[in-house]
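Good morning, colleagues. I would like to take a few minutes to introduce a structure that may be new to many of you. Please look at the sequence and the structure as they appear.

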Amino acid sequence: MVDKNHRDGEIIKFIPPLYKQRYQFIKDLVVKHKPKKVADLGCADCSLLWMLKFCSCIEVLAGLDICENVLKEKMHRLTPLPGDYLQPSERTLTITLHQGSVVEKDSCLLGFDLITCIELIEHLESTELPKFLEAVFGFMTPAMVVISTPNAEFNPLLPGVKLFRHSNHKFEWNRTQFQNWASAAADHYGYSVEFTGLGTLPGGNKDVGFCTQIGVFMRNSTEEDEFVKHEKHAERAYKTIFTTVYPSLKDEKYLKFAVVNEVIFQAEKLKQNLMDSLKLDHYSADEEGWDEPQCRTQALERLPLFGKNMDLTKMDSPPLEEGPEPFCTGDVIYIPLAKLFSFPKVQRLCGTLENLQKLLADSEALSSDGSAVMVNTDDHSEHDWND
């Protein structure tokens with residue numbers, strides 16, 4: 001969408017801003033093609049990486065930029081937040097930032113599915129362009145490459161632009177120049193390329209193309225000689241500035257944490273439902289005495305599954321969809337693991353009842369035979385779970 005104001009001449013304002021549209025374009029490609037490993041060359045303030053870290057398909061994110069100070073200033077926005085530890089993702093995610101030049105080769109960027117170069121090539125000297133192509137297409141050889149760059153034909157419509165849009169730009173190409181360069185690169189390195197762009201002139205009365213022109217490259221062959229690449233370029237050209245690994249349910253430590261939290265939550269709900277039911281059955285709303293331990297014990301002893309010496313392993317198990325019901329001994333409510341496993345989230349976390357038992361095996365809140373979670377009827381009691 002473009003806003004136009006004719007009062008002081010034509011002013012073009014893109015809504016959303018063009019940089020956000022470029023990031024959204026990349027995100028849409030990620031959603032469509034589901035790459036697992038994505039690198040952003042010229043990542044600058046890491047805005048695109050921050051946006052992509054929420055894409056569930058991505059397991060590895062890497063950023064490369066020539067400016068170390070900018071990376072160090074912005075890298076902390078990629079650090080996991082407390083919520084990432086409280087609710088770990090089911091996927092693994094590692095984010096790494098490197099300082100270095102895009103014309104250099106480093107094996108740390110081998111094996112990526114998607115490499116993005118957003119508004120990057122216009123910052124390179126003409127002598128660096130062949131080295132850039134060789135580094136990206138000849139060495140890194142990702143399955144997909146996205147390159148965006150300003151379209152010089154659109155510049156006369158932008159206020160304040162005399163020659164280039166930025167003082168650090170070494171060139172800005174028109175559509176023919178960019179497409180000729182990109183097509184030659186694709187042919188040379190075994191890629192196909194399609195052209196598109198972002199930011200159009202409303203009305204279509206001038207054929208100036210997109211404000212930002214984009215080339216999307218797809219590798220024709222999936223065959224690569226990775227061994228030769230690693231052997232030939234064993235030395236590192238980049239400096240690693242930042243690495244972080246997000247908590248994942250694939251790590252047993254975080255999986256156990258998530259399972260224990262969910263089990264406690266469901267066990268407390270079952271206990272509360274049972275206690276509320278007993279209170280309604282045995283006492284009227286205005287009758288006192290329920291808070292006395294002796295009254296609660298007398299009520300609990302009326303439960304049909306009550307038994308001081310009940311053998312949990314001999315219980316008949318109902319269908320998994322329902323699970324065996326909780327029962328009481330004294331002031332302790334026993335909630336069978338099979339009942340807890342009937343909850344969808346517990347099933348999704350554990351996969352099998354056996355795995356649930358394994359993850360809770362060292363918990364002091366389990367019954368002696370390990371088949372049930374014990375919850376004290378005292379509302380103020382606390383569970384004792386091992387780390």
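I begin with a single residue, Thr244, which counts as buried because its relative accessibility is 10%, under the 20% limit for that class. Please bear in mind that this is a predicted model. Thr244 belongs to strand 10, which covers residues 239–245. Leaving aside residues up to four places away in sequence, Thr244 touches Leu78, Pro80, Leu93, Thr94 and Ile95.

I turn next to helix 5, residues 129–140. What span should its 12 residues have at 1.5 Å a residue? The expected value is 16 Å, and the C-alpha atoms at the two ends lie 15 Å apart, so the two figures agree. Several residues of helix 5 are buried, including Leu129, Phe132, Leu133, Val136 and Phe139. Just after the helix comes Thr141, whose phi is positive, at about 40 degrees.

Finally, I come to the largest pocket, with a volume of about 960 Å³. Its lining consists of 40 residues, and those nearest the centre are Ile118, Glu119, Leu120, Glu122 and His123. Which elements each supply at least two residues of this lining? They are strand 2 (11–14), helix 1 (18–33), helix 2 (47–52) and strand 4 (60–65). Helix 1 gives the most, with 4 residues. Sorted by class, the lining holds 21 nonpolar, 9 polar and 10 charged residues.

Thank you for your attention.

Definitions and conventions
Residues numbered from 1 in each chain as written. Predicted model: local features only at pLDDT ≥ 70, side-chain atom pairs only at ≥ 80, totals over all residues. Heavy atoms only, no water. Buried < 20%, exposed > 50% of the residue type's maximum accessible area, 1.4 Å probe, protein only. Contact = heavy atoms within 4.5 Å. Expected span 1.5 Å × (residues − 1). 1 Å grid on protein atoms, 1.4 Å probe; cavity = no way out; pocket = protein on both sides within 12 Å on 5 of 7 lines; lining within 4 Å. Points joined across faces, edges and corners; volume = space filled by probe spheres on them. Nonpolar A, V, L, I, M, F, W, Y, C, P; charged D, E, K, R; others polar.
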